[in-house]
Amino acid sequence: MQNYNELAQSVKISDDKKHLLLDADPTLSLIGKGRSAYVFRIHSTNKALKVFFPDHTHTAKVEAEIYKTVQSIEYYPTLYDAGVNYLVIDHIEGNTLFECLTLGIPITEENIAEIDHALQLARKEGLNPSDIHLRNIFITSEKKVKIIDVARFKQVKSCNQWHDLKSAFHLFYSKSFFPKKIPSFILNSIAAIYKKRFLPI
Ligand SMILES: Nc1ncnc2c1ncn2[C@@H]1O[C@H](COP(=O)(O)OP(=O)(O)OP(=O)(O)O)[C@@H](O)[C@H]1O
Ligand SMILES: [Mg+2]
């Protein structure tokens with residue numbers, strides 16, 4: 001087994017609000033950045049390393065515990081290792097729903113039903129799926145659903161994001177007149193308006 005801890009510690013992130021990526025082992029390729037972490041693909045493996053920002057390291061343990069709870073559910077990646085500031089999970093081949101929308105890859109009724117099912121299975125394990133947004137849901141190259149970023153699945157407060165995304169799918173996206181390819185700046189603007197609770201859904 002690779003020394004994932006060494007790899008994770010090779011990642012240097014600035015200790016301020018900018019969270020600049022300063023350094024990383026050459027066997028890591030950056031594949032994503034969120035509000036709490038950088039995510040890398042580990043070369044010649046099918047694994048992803050998520051390294052949390054210095055002010056979010058506590059989330060590594062929380063997210064690892066939740067991944068352990070959903071390991072028997074096929075819609076969530078396998079967790080291989082976790083440490084003070086990192087997780088190692090499956091690298092997912094495919095596109096997030098955000099990428100599907102910007103690239104014009106169709107999202108189907110079946111995909112939506114499968115996401116619903118994946119979230120329902122997590123609820124059966126006593127979790128409260130939260131923070132379900134377009135960049136945390138993948139349609140894989142085999143057209144299956146995978147859900148990542150489960151850190152907030154234990155929050156008590158109810159989260160309407162998936163319910164609202166589903167409403168938007170049925171009210172707008174599924175209609176024949178609705179464009180199936182949407183520029184990212186428009187999606188980001190809609191997300192910003194949504195956060196301010198100004199949308200009629
Ligand atoms: N296992 C993976 N396989 C492929 N891409 C991934 C994987 N994990 C994360 N990514 C990419 O990296 C991005 C950021 O990852 P993630 O959502 O885990 O970070 P975060 O900081 O917790 O995000 P958020 O801003 O949603 O809280 C994802 O939106 C996705 O594009
Ligand atoms: Mg995320």
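Helices (H or I, at least four residues) and strands (E, at least two) are DSSP runs, and they are numbered from the N terminus. With that in hand, let's look around. This is a predicted model, where local features need pLDDT of at least 70 and side-chain atom pairs count only at pLDDT 80 or more, while totals for chains, interfaces and linings use all residues. Residues are numbered from 1 along each chain as its sequence is written, and chains are lettered from A and ligands numbered from 1 in the order in which they are written.

Start with helix 6, residues 184–195. Its 12 residues should span 16 Å at 1.5 Å a residue, and the end C-alpha atoms are 16 Å apart, so the two agree. (The expected span is 1.5 Å times one less than the number of residues.) None of the 12 residues of helix 6 is buried; "buried" asks for 20 or more other C-beta atoms within 10 Å of a residue's own, with C-beta atoms placed from the backbone. Just after helix 6, Arg-197 takes a positive phi of about 60 degrees.

Now for strand 7, where four of the five residues are buried. Strand 7 has antiparallel pairings with strand 5 and strand 6. Two strands count as paired if DSSP finds at least two bridges between them. A hairpin of two residues links strand 6 to strand 7.

Here are three antiparallel pairs:

| Strands | Bridges | One facing pair |
|---|---|---|
| 5 and 7 | five bridges | Ala-48 and Ile-89 |
| 6 and 7 | four bridges | Ala-82 and Leu-87 |
| 9 and 10 | three bridges | Ile-137 and Ile-147 |

Strands 9 and 10 belong to an open, antiparallel sheet of three strands in the order 8-9-10. Strand 8 (94–96) and strand 10 (145–147) sit at the edges with a single partner strand each, so one side of each has no neighbour in the sheet.

What surrounds ligand 1? There are 20 residues around ligand 1, and Gly-32, Gly-34, Arg-35, Arg-135 and Asp-149 come nearest. A residue is near a molecule if its C-beta atom, placed from the backbone, lies within 6 Å of it. Strands 3, 4, 5 and 7 each give two or more residues to this shell, and strand 3 has the largest share, three residues. By class, the shell has eight nonpolar, six polar and six charged residues. (Ala, Val, Leu, Ile, Met, Phe, Trp, Tyr, Cys and Pro count as nonpolar, Asp, Glu, Lys and Arg as charged, and the others, Gly among them, as polar.) Domain 1 (4–90) and domain 2 (94–195) each supply at least three residues to the shell, with the domain bounds coming from an automatic or database domain assignment.
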